[in-house]
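Thanks for sharing this one with me. Could you keep the model open while you read through my comments?

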Amino acid sequence: MTSTDTTSDARNALVALRAEVGKAVVGNDAAVTGLMIALLCRGHVLVEGVPGVAKTLLVRALATALDLDTTRIQFTPDLMPGDVTGSIVYDSRSAEFSFREGPVFTNLLLADEINRTPPKTQSALLEAMEERQVSVDGRPRPLPDPFTVVATQNPVEYEGTYPLPEAQLDRFLLKLTVPLPTREDEIGVLARHAQGFDPRDLSAAGVRPVAGAAQLAVARAAVAGVTVGQEVLGYIVDLCRATRAMPSVRIGVSPRGATALLAATRAWAWLSGRGFATPDDVKALARPALRHRLDLRPEAELEGATADGVIERVLATVPVPR
């Protein structure tokens, strides 16, 4: 089998993830694609949506369709950093101290309702997300590869929550929003439940592993080979620089945000079956890659300005290379 065939098989396996997740989740193709892009880029994802739009089910279905180790942490106000990273424990039988790994030692970590836990525990994920290791008792301990954090949060309920600081938001490659379903999709959800669908039993819904670490490794290598022309690089930089000059923005997209948009653009181009990126690929990923990296002025927010609105304006005004 040639390398081209292997790459094609890896792409087909990842594209098949959408169909598998679709057996459990109705009408969230954009969010599924965003999660796939994060896996290809070794990035992390923040999923935001009101309660009841299947955020957790979406990630659980993806985890089931991937032959990877997965762990879920329900973030609560009393969760401690050691509950995430692990801790040193004393073994009375051997009379020695040993390290007990926490749930962060996995391939796909679902951090459910991450804004429900205090900053001290939120920061326990910072080193893991950026350095792919945790330090306990002064010793660095590497995390498995692949390692991706998918965190969920509720955008409208602020009672008893702790908003993520800008430094931690910037660690997420993408911020995906899960909207309320359309009427047709909502009818489809009810129809599945009427037929006996149980969201707690995904295997009964027919969700099976269709891709694993081997396909993901091949896909990541292929994504790294996607060509990005100078005009597309310039377009990415121009978009990010334009956000810094918007009157409603206090702090615009940083160079790290530009590199995140570049990585997501290459992954999307490869998933689309191309070995090169286009300005349209950049446009497709601009909102999820940049929306959480904009700090709006308070007076602009009071007047109704939003991060997505700023990005829409930037996309409409920055010249597109031809």
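Here are my points, starting with the domains and ending with the cysteines.

1. A word on the source before anything else: this is a predicted model. The domain assignment splits the protein into domain 1, covering 3-80 + 106-225, and domain 2, covering 227-321. Note that domain 1 is given as two segments of the chain. The C-alpha centres of the two domains are 22 Å apart, and their contact involves 26 residues from domain 1 and 20 residues from domain 2.

2. How much area do domain 1 and domain 2 bury between them? The figure is about 1900 Å², with 60% of it on carbon and sulfur atoms. On the domain 1 side, please look at R11, D170 and K175: together they supply 29% of the area that domain 1 buries against domain 2, more than any other three residues.

3. Now for the polar side of this interface. The rule finds 3 salt bridges across the interface of domain 1 and domain 2. For a pair to inspect, take R256 and D170, whose side chains form a salt bridge at 2.8 Å, N to O. D170 is thus worth a second look, as it is also one of the three residues named above for buried area. Residue pairs in polar contact across the interface number 10, counting those with both residues at pLDDT 80 or more.

4. Which elements of domain 1 supply at least two residues each to the side that touches domain 2? They are helix 1 (3-22), helix 2 (29-40), helix 7 (166-169), strand 10 (174-177) and helix 9 (213-224). Helix 1 gives the most, with 5 residues. Sorted by class, this side of domain 1 has 15 nonpolar, 4 polar and 7 charged residues.

5. Over the whole structure, the search finds 14 salt bridges. One that I would display is R171 with E130, where the side chains meet at 3.3 Å, N to O. This pair links distant parts of the chain: R171 sits in the loop between helix 7 and strand 10, E130 lies in helix 6 (residues 124-131), and the two are 41 residues apart.

6. Finally, the cysteines. How many disulfides does a search of the whole structure find? The count is 0. For C41, the closest cysteine sulfur is that of C240, and because the two sulfurs are 15 Å apart, they are too far for a bond. Starting from C240 leads back to C41, again at 15 Å and too far for a bond.

Notes. Residues numbered from 1 in each chain as written. Predicted model: local features only at pLDDT ≥ 70, side-chain atom pairs only at ≥ 80, totals over all residues. Heavy atoms only, no water. Domains from an automatic or database assignment. Contact = heavy atoms within 4.5 Å. Buried area = accessible area lost by both parts, 1.4 Å probe. Salt bridge = Lys/Arg side-chain N within 4 Å of Asp/Glu carboxyl O. Polar contact = N/O pair within 3.5 Å; in protein donor to acceptor, adjacent residues only side chain to side chain. Helix = DSSP H or I, 4+ residues; strand = E, 2+ residues; numbered from the N terminus. Nonpolar A, V, L, I, M, F, W, Y, C, P; charged D, E, K, R; others polar. Disulfide = S-S within 2.5 Å.
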